[in-house]
Amino acid sequence: MRVVVVGATGNVGTSVVQALRAEPEVTSVLGLARRRPGWQPDGVEWATAHIASDDLVPHLRGADVVVHLAWLFQPTHDPVLTWRVNALGGIRVFRAVVEAGVPALVYASSVGAYSPGPQDRAVDEGWPTHGWPTAAYTREKAYLERVLDAVEAEHPDLRVVRMRPGFIFKREAATGQRRLFAGPLLPTRLVRPGLLPVVPNLPGLRFQALHSLDAADAFRLAALRPVRGAFNLAADPVLDAGELARLLRARTVRVPTRAVRTALAVAWRTHLLPASPQLFDAVLRLPIMDVRRAREELGWQPRHSALDAVGAFLEGLRDGAGFDTPPLAPDTGGPLRMQEFRTGVGARP
């Protein structure tokens with residue numbers, strides 16, 4: 001089997017490449033990325049291409065499966081650019097899959113594609129996927145769900161799998177995620193058990209997480225098995241302020257959501273924080289996902305708990321961990337993270 005991984009150098013992409021190379025049925029892996037990594041695992045070919053502008057078809061010809069992971073989170077201050085790359089670039093990937101005659105597409109959707117859900121029960125894969133309209137990330141993820149509806153209707157022979165994971169963490173991605181969402185002002189050495197006295201308890205903040213290696217295993221299974229449709233991915237337990245406080249050996253303090261949202265909005269507008277307040281709005285409205293379909297039809301079982309995944313991320317934050325790919329490189333920010341300030345926090349990719 002030959003698999004092409006589009007967006008192979010990020011948090012999930014590096015784990016998916018590793019999972020595929022360990023699979024005996026996979027004899028060839030092509031990693032496609034905007035920038036070539038220093039990381040050179042045995043048996044993996046690399047090619048550079050931009051999904052929004054380059055001809056993708058030659059890279060996909062001869063593949064048995066294409067795994068589409070590429071996503072541009074920044075710049076949050078330029079939603080037109082992220083739309084052009086994520087939404088329109090995603091359409092170009094789907095069209096290239098069809099034109100190249102690839103029989104299967106595994107696409108990384110997200111819990112963020114879901115409409116707001118109930119607080120008293122988990123939702124399955126049939127829950128509406130209209131996202132939260134004001135946040136670029138959720139809007140783009142929801143839009144591509146509609147595009148895939150049309151692709152499946154027009155090309156019924158194409159096997160399409162939509163993976164909808166919760167928040168994905170691993171140690172090696174911690175510095176890259178800190179740059180994307182928290183910015184250069186986060187004092188990472190203080191993020192350790194016993195040093196932070198309190199964890200904010202925000203009404204409605206409950207979310208699901210999983211380790212990048214477990215997410216990659218689900219993508220591997222989706223590539224190999226004759227399944228179709230959507231699969232929710234998350235590990236237990238569902239996380240809230242109480243769980244995070246126990247992990248950090250801290251206590252919880254009730255904080256008004258409006259006050260936090262106002263502070264985030266000011267920090268984002270003044271380029272002190274890369275994550276937008278609209279993304280915060282979306283996170284507070286995420287449903288809790290039922291993952292039974294992934295367990296029963298994929299045979300997927302996460303090996304790490306959600307707390308393990310967050311713990312690995314926090315350890316990576318403290319250690320400045322990274323990986324030898326451009327998105328995960330630990331030294332991209334430069335001395336004292338000055339490069340992050342010079343490029344404009346949340347303003348440039």
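## Overall size

The radius of gyration here is taken over C-alpha atoms, and the globule rule is 2.2 Å times the number of residues to the power 0.38. This is a predicted model, so keep that in mind while reading on. For 349 residues, that rule puts a compact globule near 20 Å; the protein chain comes in at 19 Å, which agrees.

As for the outer dimensions, measure along the principal axes and the C-alpha atoms fill a box of roughly 55 × 45 × 35 Å.

## Fold and contacts

The protein chain has a secondary structure of 12 helices and 12 strands. Take the contacts between residues at least 6 apart in sequence: 79% of them join residues at least 24 apart.

## Inside and outside

Of the chain's 349 residues, 54% count as buried. On the outside, the accessible surface of the protein chain is about 15100 Å², and carbon and sulfur atoms own 55% of that.

Then there are the charges: 42 positive and 34 negative ones in the protein chain. Their mean positions sit 7 Å apart.

## A look at Asp 217

Now for a single residue. Asp 217 is part of helix H6, which covers residues 212-224. Its relative accessibility is 19%, and because buried means under 20%, Asp 217 counts as buried.

What does the side chain of Asp 217 make a polar contact with? The partner is the side chain of Arg 220, at 2.7 Å.

Note on methods. Residues are numbered from 1 along each chain as its sequence is written. This is a predicted model: local features need pLDDT of at least 70, side-chain atom pairs count only at pLDDT 80 or more; totals for chains, interfaces and linings use all residues. Side-chain values use heavy atoms; hydrogens and water are left out. Helices (H or I, at least four residues) and strands (E, at least two) are DSSP runs, numbered from the N terminus. Buried means under 20% relative accessible area, exposed over 50%, partly exposed in between (1.4 Å probe, protein chains only). Contact means heavy atoms within 4.5 Å. Accessible areas come from the Shrake-Rupley method with a 1.4 Å probe; for residues, only the protein chains shown count as cover. Lys and Arg count as positive and Asp and Glu as negative; His and the chain ends are not counted. The place of a charge is taken as NZ of Lys, CZ of Arg, CG of Asp or CD of Glu. A polar contact is a pair of N or O atoms within 3.5 Å; within protein, one must be able to donate a hydrogen and the other to accept it, and residues adjacent in sequence count only if both atoms are side-chain atoms.
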